[in-house]
Amino acid sequence: FGVRTRNRLQGKVAEMENFAGHLEEIFLTVEENFGRREQHLEQHYNDVLQTLSQRYEDRAAGLEEEKKNKLEALYRQLLACGQALDASKELIETAQEIYRSQDKRLFLKVREFAKEETDLTLSTPLEFNTPLADLSDVKTLMDSINVVPAPSAPVINPQMPNSATQTSLRVCWSLFSDDSVEYYELYYRPVHDKVCAWFTVTKVKVKETHCKVTDLLPNAQYELWVTATNTTGISPASEKALYMTVPSPPVIKQRECTSCPEAALIRWESGNTNPIDSYTVELSEVETDGTESHLTESIVAVPTCQCLIQLQPGRCYVISVRAVNVGGPSNRSEVITVSTTGTFFHLLGETAHPCLSISEDGFTMFYGDEELPISAMAFDANAFTRCVAVLGDLIPVRGKHYWEVEVDDGTEFRIGVSYEDTERSSYLGANNTSWCMRHILTPTRHKYEFLHKGWSPDLRITVNPVRIGVALDYDKGTLSFFNVDLKQHLHTFHCHFQNYVHPCFGLDNPGALTVHNGIAAPE
Amino acid sequence: MRTPHLFYRSKMALTQVSSNKCADGFQKVFEHDSTELKCKMKFAVYLPPKAETGKCPVMYWLSGLTCTEQNFITKAGSQLAAAEHGIIIVAPDTSPRGCGIEGEDESWDFGTGAGFYVNATQDPWKTNYRMYSYITEELPKLINANFPTDPDRISVSGHSMGGHGALICALKNPGKYKAVSAFAPICNPMQCPWGQKAFSGYLGSDRSTWEAYDATVLAASYSGPQLDILIDQGRDDQFLSASQLLPDNLIAVCSEKKIPVVFRLQPGYDHSYFFIYSFINDHIKHHAKYLNA
């Protein structure tokens with residue numbers, strides 16, 4: 001029981017100590033505040049007294065000056081009177097003299113002397129000139145002792161990382177002193193290289209020292225400043241700060257992405273009309289059970305709209321892109337799923353001969369029966385003009401690549417690889433920039449050629465392949481063809497490809513070819 | 001290399017004739033008493049470095065007319081590729097020798113050096129000239145008993161008459177050989193002078209008995225696991241133009257029967273071992289693909 005009481009007492013003591021500490025704190029604060037207030041008042045009274053004493057000195061000096069002026073004027077008048085008196089006496093004497101003379105005509109002339117009259121009015125006014133005492137400034141000073149001063153200019157903070165979104169900015173500011181403020185006014189306007197008249201300043205009234213500005217343009221720079229207002233008045237404006245909204249997310253160009261077991265080439269559109277500082281590519285591995293693992297890697301400061309990413313073979317990744325400016329990163333783009341089981345590419349539509357059409361999914365190409373007149377053919381600058389062919393967009397990685405092509409044994413085709421700049425007016429395999437397997441239907445048999453520079457070894461294949469495997473190995477410098485169904489090796493070209501090659505596909509008679517991608521290469 | 005297991009049954013006994021280190025392994029020649037051929041026979045065996053530590057697949061090489069076990073091992077340049085892929089290559093002689101049969105040494109394309117890989121049914125050849133059984137049964141047993149082999153992984157290749165031998169071995173024994181290839185094989189012996197001479201001598205005048213040893217005929221009735229036949233042929237081969245080899249007949253049948261063949265006509269090459277030497281690597285790689293699968 002004793003222990004419990006002691007514990008309770010100890011608790012109480014601690015509580016009281018705590019309370020005492022708190023009181024002490026309040027005391028100090030009150031003391032501090034009053035001290036500050038006192039100082040403030042003293043300052044103000046000093047100001048008033050100084051103003052009054054200045055006013056007194058000014059007035060005293062004024063009076064002295066006036067007295068001096070008046071005395072000087074009176075003295076000058078006195079002197080003038082004396083002189084006039086002397087002149088009059090002389091005149092009297094002269095008159096008497098003349099009067100005593102014989103000639104009385106001279107006396108008549110004297111009358112003309114007497115015509116000068118003396119001004120006997122006072123030259124100075126009798127009253128003191130007392131100007132009105134203007135004490136309004138003193139009154140203002142006196143009044144201001146009882147009211148809060150108008151706030152000083154707030155300080156606007158620079159933009160904080162990750163505080164912006166595509167359409168909003170979080171702006172913060174602060175005050176130097178402990179001015180009392182009733183509200184702030186935040187002003188902002190977009191900054192453009194060319195100042196446009198219609199971008200007017202917007203004003204927001206806020207109580208807090210922060211504000212979220214919304215409905216902004218993405219990836220845009222804004223100029224912001226703030227004023228503080230209280231009952232006394234409005235502060236000067238803060239400095240102008242530049243904030244930036246984050247960009248819109250980029251858009252991955254799914255049809256232009258390509259991959260192989262070691263890497264993926266991801267291409268995207270900016271998604272913004274104005275320039276982006278850089279992009280961040282984020283990738284994470286998808287586990288075999290389909291769950292996305294934690295973020296495994298991000299590639300930052302990508303300057304252009306494409307990125308070649310090193311990957312591990314036989315995995316599955318989801319990849320997304322963010323656009324980044326000084327305001328921060330955008331939201332994630334839509335993701336692209338990349339499987340590193342095999343090589344994956346799309347066809348380069350702009351290289352397709354006008355007679356070659358490509359299916360919706362982009363992997364089957366058709367050479368139709370109907371003949372197009374040359375005039376009706378719209379040739380892309382990059383398109384094949386003679387050989388009805390198209391290139392595939394193979395990832396530029398010097399590793400091993402493998403893809404398969406499904407053919408019909410009634411179709412005459414050419415499949416293989418070529419340099420990107422292979423002559424568009426030439427047939428695949430007819431030059432030194434392309435290597436291909438060609439199937440020709442003769443009246444008696446199926447003929448297969450493995451063409452490069454227009455030359456082919458002479459060989460016979462007894463079973464017509466309907467699914468052809470194409471294996472490219474840059475390191476070994478080989479391009480091999482297989483009958484996939486039989487696992488039969490058909491031919492190998494030996495060539496150390498100096499440049500990157502693209503898969504190529506051609507049809508020499510009406511028919512179709514289908515490319516099968518993302519297949520693991522056979523051993 | 002360990003010494004051969006000479007303590008096996010006496011009829012299996014091998015005598016080493018020569019042994020030379022070659023491509024990190026050993027090229028050896030052995031002699032033994034053949035029960036099938038009832039004479040002493042020599043064969044060459046190349047043991048790749050891998051054979052020192054583990055079991056290896058075996059490729060049987062059948063040589064052409066007039067050859068012994070020596071031609072292939074001294075001229076074809078097969079050892080480096082065999083070492084690389086870890087394949088034992090066994091190259092037997094092409095016929096019984098010194099059996100004392102009347103006329104056996106009279107011509108280069110019949111008798112000694114020209115066994116044609118058949119089991120003769122006619123006197124005086126039928127006792128000794130049983131090369132088919134020798135290469136498909138006796139020799140593999142002997143090899144498996146004396147060398148570190150994997151008996152389930154064997155393949156067969158050959159040149160000219162040996163190419164014919166390789167093709168018939170594969171076609172007559174579906175599944176036994178994992179791979180088959182040939183250089184300038186006699187594809188349709190029933191239709192060419194060499195084959196007709198040999199078959200009538202060894203098998204008699206009844207042409208229906210010849211069919212059992214004719215690759216083109218056998219291909220037409222083949223049924224068994226998928227084959228993948230690689231054939232190289234020199235375009236300037238004098239025996240091609242002399243219609244001794246007749247590859248077109250085999251290709252026609254294989255095309256019709258959907259038996260996979262890649263037949264390569266190599267411009268400028270003749271019938272010699274210079275031709276074999278030029279393409280042996282492709283063939284060993286072809287065999288390795290199936291033997292090491």
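A residue counts as buried when its relative accessible area is under 20%.

**Figure 1. Overall fold of chain B in the predicted model.** By that cut-off, 59% of the 293 residues of chain B are buried. The chain holds 10 helices and nine strands. Its radius of gyration is 18 Å, close to the 19 Å from the globule rule for 293 residues, so chain B is as compact as a globular protein of that length. Along the principal axes, the C-alpha atoms fill a box of roughly 45 × 40 × 35 Å. Among contacts with a separation of 6 or more, 73% link residues 24 or more positions apart. The chain exposes about 11300 Å², with 50% supplied by carbon and sulfur atoms.

**Figure 2. The annotated active site of chain B.** An unreviewed UniProt entry places the feature "active site" at B:Ser160, B:Asp237 and B:His271. These residues span 112 residues in sequence, yet no two of their C-alpha atoms are more than 10.8 Å apart, so they gather at one spot.

**Figure 3. Surroundings of B:Asp237.** B:Asp237 sits in the loop between strand 8 (229–234) and helix 8 (238–241). Its relative accessible area is 1%, under the 20% limit, so B:Asp237 is buried. Its side chain makes a polar contact of 3.0 Å with that of B:Gln233. Beyond four places in sequence, B:Asp237 touches B:Ala184, B:Leu245, B:Tyr269, B:Asp270 and B:His271.

**Figure 4. Surroundings of B:His271.** The loop between strand 9 (261–266) and helix 10 (273–291) carries B:His271. This residue is buried too, with a relative accessible area of 12%. Outside its neighbours within four places in sequence, B:His271 contacts both B:Ser160 and B:Asp237. Its other contacts there are B:His159, B:Ala184, B:Phe239 and B:Leu245.

Terms used: Residues numbered from 1 in each chain as written. Chains lettered and ligands numbered in written order. Predicted model: local features only at pLDDT ≥ 70, side-chain atom pairs only at ≥ 80, totals over all residues. Heavy atoms only, no water. UniProt positions renumbered as here; feature names shortened; annotations may be inferred. Helix = DSSP H or I, 4+ residues; strand = E, 2+ residues; numbered from the N terminus. Buried < 20%, exposed > 50% of the residue type's maximum accessible area, 1.4 Å probe, protein only. Contact = heavy atoms within 4.5 Å. Polar contact = N/O pair within 3.5 Å; in protein donor to acceptor, adjacent residues only side chain to side chain. Rg over C-alpha atoms; globule rule 2.2 N^0.38 Å. Areas by Shrake-Rupley, 256 points an atom, 1.4 Å probe, with all protein chains shown as cover.
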